[in-house]
2 protein chains.
Amino acid sequence: MATMQDVARLAQVSVSTVSYVLTGARPISQGTRAKVLAAMAQLDYQPNAMARGLASRRSRILGLLLPMDERGLGATETAFVTGAAAAASAVGYHLVLSPVGGGGDLDGLRRLASQRMFDGVVLMEVQLADERVGALQQAGVPLVLIGRTGDTAGLSYVDIDFEQTVREAVAYLVGLGHRQIVYVNHSAETLASGYGPALRTRDAFVTAMTGHGLEPVMIPAQDSAAGGRAALAAAITRTPGLTAVLAMNETAVFGILGELTGRGLAVPDDVSVVSMVTSPQVAELATPALTAMTSPGSALGRIAVEALVRHLDGAGDERHQQLLPCALEIRGSTAAPRSRHPDGG
Amino acid sequence: MATMQDVARLAQVSVSTVSYVLTGARPISQGTRAKVLAAMAQLDYQPNAMARGLASRRSRILGLLLPMDERGLGATETAFVTGAAAAASAVGYHLVLSPVGGGGDLDGLRRLASQRMFDGVVLMEVQLADERVGALQQAGVPLVLIGRTGDTAGLSYVDIDFEQTVREAVAYLVGLGHRQIVYVNHSAETLASGYGPALRTRDAFVTAMTGHGLEPVMIPAQDSAAGGRAALAAAITRTPGLTAVLAMNETAVFGILGELTGRGLAVPDDVSVVSMVTSPQVAELATPALTAMTSPGSALGRIAVEALVRHLDGAGDERHQQLLPCALEIRGSTAAPRSRHPDGG
DNA sequence: CTGAAAGCGCTAACAG
DNA sequence: CTGTTAGCGCTTTCAG
């Protein structure tokens with residue numbers, strides 16, 4: 001493994017000159033640069049990452065912190081991760097996937113931060129009240145969130161625009177003629193834990209429905225097909241005349257579809273289903289394919305990393321706060337309501 | 001940020017003593033250790049990862065190399081990744097997610113290897129003839145594959161036991177009374193590219209069916225729901241009396257289900273479906289839930305990392321070669337064939 | 001435009 | 001059982 005010394009010797013220049021042609025931190029004459037480059041090529045030189053990191057105090061490594069408990073990552077979260085990794089790689093950074101304990105392990109976080117392995121950190125699965133944010137800030141680690149806390153003052157984040165997403169989905173269904181729309185959310189425990197997407201969509205649903213002069217009916221569901229079946233059963237009991245379901249639960253929506261079909265209700269003829277914050281791949285799996293609000297997926301991860309790197313490399317203390325819309329993609333699970341009830345149309 | 005110097009000064013010992021209580025590389029007396037530990041605690045000391053890496057020539061960072069093109073990671077691959085990350089974290093390593101160009105970018109790989117950022121590397125999505133393996137070996141990077149090449153001499157790998165998986169799935173269907181079993185594989189292009197799982201299961205299917213005295217009928221499918229629909233249509237044309245489908249294509253299987261239902265064929269009463277190398281979460285999404293050969297998922301990633309770390313920390317040149325079985329999990333998509341054809345039983 | 005040299009914070013001989 | 005010290009390979013002043 002050739003070192004910078006070797007290159008310098010071969011090119012007959014000093015090590016600092018080699019360093020400067022590499023970093024471009026000061027002007028180098030054409031001739032010198034050429035000599036150095038030739039020597040590097042000849043020796044197949046690659047700078048040592050650790051040495052560079054130690055001397056420059058920048059590891060060029062980013063951490064992607066995500067709680068890994070439960071049932072692994074969903075398609076949407078996976079897209080965040082791959083998007084972030086690709087973006088980091090594109091700008092010459094490395095991305096460490098760092099599974100951190102779901103909640104209590106703040107000390108572990110602080111320890112991680114103090115090791116100075118990460119120049120900055122992207123935090124996923126942020127709760128509305130998330131102590132990790134404070135811990136990280138206190139440790140002085142540049143930080144970008146995917147998702148956001150309740151109070152976002154002074155924070156950088158990228159998140160989905162849940163308000164817009166719900167508004168658009170509801171408007172679409174209402175435009176089709178639906179009036180009895182039931183919203184299936186995550187479980188009560190998830191809500192209670194302060195899971196932002198669940199909370200924000202819930203509030204947005206109330207606002208949107210009320211705005212249309214309609215009653216917002218909401219049912220929680222466990223994150224499973226069985227949870228979806230149960231939720232649909234509950235929904236029909238509560239609102240027998242429902243003609244549309246708005247699902248904020250990528251997993252439960254499959255159970256909803258199954259239960260609907262099992263009860264002899266056709267999708268979309270009897271009941272329309274819109275799945276929110278869903279990846280196209282997942283939407284395509286269902287029969288019929290799901291009309292969905294497509295999550296920005298890898299774009300979120302990419303933007304988070306780009307904002308972080310800009311902050312590290314660049315000017316200064318720019319906060320980056322951005323909400324990305326979900327796009328309505330109409331597939332086979334929605335239609336105008338059949339006038340089953342004479343009073344319904 | 002306190003350094004080791006600070007700790008040494010406060011504890012009134014030399015830096016090397018501090019280093020040795022940290023690494024345990026040589027015995028330290030109770031009293032001294034206690035003093036050092038106290039000083040570390042008081043200063044909230046954390047060793048600097050870059051400095052440690054440079055001096056010890058071990059970064060404690062592992063690379064997870066995966067080609068990221070196409071449509072992101074499936075559930076099974078995601079499980080590999082999360083399993084690997086969790087395992088690395090558990091043994092004090094970091095795991096970098098490194099998206100490398102699908103095929104031709106061997107130079108990029110070599111460059112990566114020469115930067116000495118990774119102590120070792122886990123390579124995913126290995127083809128039967130994969131030049132990356134040779135390049136990495138030549139670069140002297142300790143290497144474990146998830147999947148395997150055609151010639152595995154001298155390599156460490158963890159892979160799914162496709163032969164066993166197919167054998168067991170076929171035996172299960174034959175045991176139920178099925179005789180006309182069609183195997184739906186990945187696309188012809190995927191086969192042609194040397195994708196191991198597709199090739200190995202294909203061969204295993206021929207062997208298994210022939211062993212039962214049955215004819216092995218195989219149909220390729222694009223990796224999409226539409227691909228599955230088309231494949232099923234082709235299968236029925238070719239084998240009108242088919243009573244079971246063995247699907248080696250997590251995505252296409254949803255299309256198969258949809259097309260079956262669309263043609264008025266009930267699952268499992270008219271046609272049984274077994275999905276191979278599938279995650280439970282995905283199997284549960286289908287209606288009916290899929291009987292599947294469940295992929296070892298995160299275990300593969302975990303074992304790969306553990307083998308790699310054992311090689312790095314440990315004794316020496318132990319190759320680790322291991323095949324993991326998929327477990328048959330019976331759900332709602334399989335049953336004994338209805339005797340539609342008098343000659344069928 | 002280029003060189004010399006002082007570290008970055010730690011590990012691992014070597015010496016006791 | 002502990003201390004001294006020479007690096008690891010690079011970046012970045014400080015000098016010219």
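**Figure 1. Polar contacts join domain 2 and domain 3 of chain A in this predicted model.** Six residue pairs are in polar contact across the interface of domain 2 of chain A and domain 3 of chain A, with both partners at pLDDT 80 or more. Helix H5 (75-90) and strand E5 (157-160) of chain A each bring at least two residues to the side of domain 2 that touches domain 3. That side of domain 2 has four nonpolar, four polar and three charged residues.

**Figure 2. A salt bridge links domain 2 and domain 3 of chain A.** The count between these two domains is one salt bridge. The view centres on Glu163(A) and Arg148(A), whose side chains meet in a salt bridge at 4.0 Å, N to O.

**Figure 3. Chain A is divided into three domains by the assignment.** Domain 1 covers 4-47. Domain 2 is written in two segments, 61-160 and 297-325. Domain 3 covers 162-295. The C-alpha centres of domain 2 and domain 3 of chain A lie 29 Å apart. Their contact takes eleven residues from domain 2 and 17 residues from domain 3. About 1200 Å² is buried between domain 2 and domain 3 of chain A. Carbon and sulfur atoms give 47% of that area.

**Figure 4. Residues of chain A and chain B surround DNA strand C.** There are 27 residues around the strand. Arg26(A), Ser29(A), Thr32(A), Met4(B) and Tyr45(B) come nearest. Of the atoms of DNA strand C that come within 4 Å of the protein, sugar and phosphate account for 56%. Helices H2 (15-23) and H4 (49-56) of chain A each supply at least two residues of the surface near DNA strand C, and so do helices H2 (15-23) and H4 (49-56) of chain B. By class, this surface has eleven nonpolar, twelve polar and four charged residues.

**Figure 5. Two serines approach phosphate oxygens of DNA strand C, and an alanine approaches a base.** From chain A, a polar side-chain atom of Ser29(A) lies 2.7 Å from a phosphate oxygen of DNA strand C. From chain B, a polar side-chain atom of Ser19(B) lies 2.8 Å from a phosphate oxygen of the strand. At Ala51(B), the backbone takes part: a polar backbone atom is 3.5 Å from a base nitrogen of DNA strand C.

**Figure 6. Chain A meets chain B.** In the contact, 40 residues of chain A face 40 residues of chain B. The area buried between the chains is about 3900 Å². Carbon and sulfur atoms give 72% of it. Met50(A), His94(A) and Leu285(A) supply 17% of the area that chain A buries against chain B, more than any other three residues.

**Figure 7. Polar contacts and secondary structure at the interface of chain A and chain B.** The count here is zero salt bridges. Four residue pairs are in polar contact across the interface, both partners being at pLDDT 80 or more. On chain A, the elements that each supply at least two residues of the side touching chain B are H4, H5, strand E2 (94-100), helix H6 (106-114), helix H12 (252-262) and helix H13 (280-285). H5(A) gives the most, with six residues. By class, the side of chain A that touches chain B has 22 nonpolar, 14 polar and four charged residues.

How values were computed: Residues numbered from 1 in each chain as written. Chains lettered and ligands numbered in written order. Predicted model: local features only at pLDDT ≥ 70, side-chain atom pairs only at ≥ 80, totals over all residues. Heavy atoms only, no water. Domains from an automatic or database assignment. Contact = heavy atoms within 4.5 Å. Buried area = accessible area lost by both parts, 1.4 Å probe. Polar contact = N/O pair within 3.5 Å; in protein donor to acceptor, adjacent residues only side chain to side chain. Helix = DSSP H or I, 4+ residues; strand = E, 2+ residues; numbered from the N terminus. Nonpolar A, V, L, I, M, F, W, Y, C, P; charged D, E, K, R; others polar. Near = heavy atom within 4 Å.
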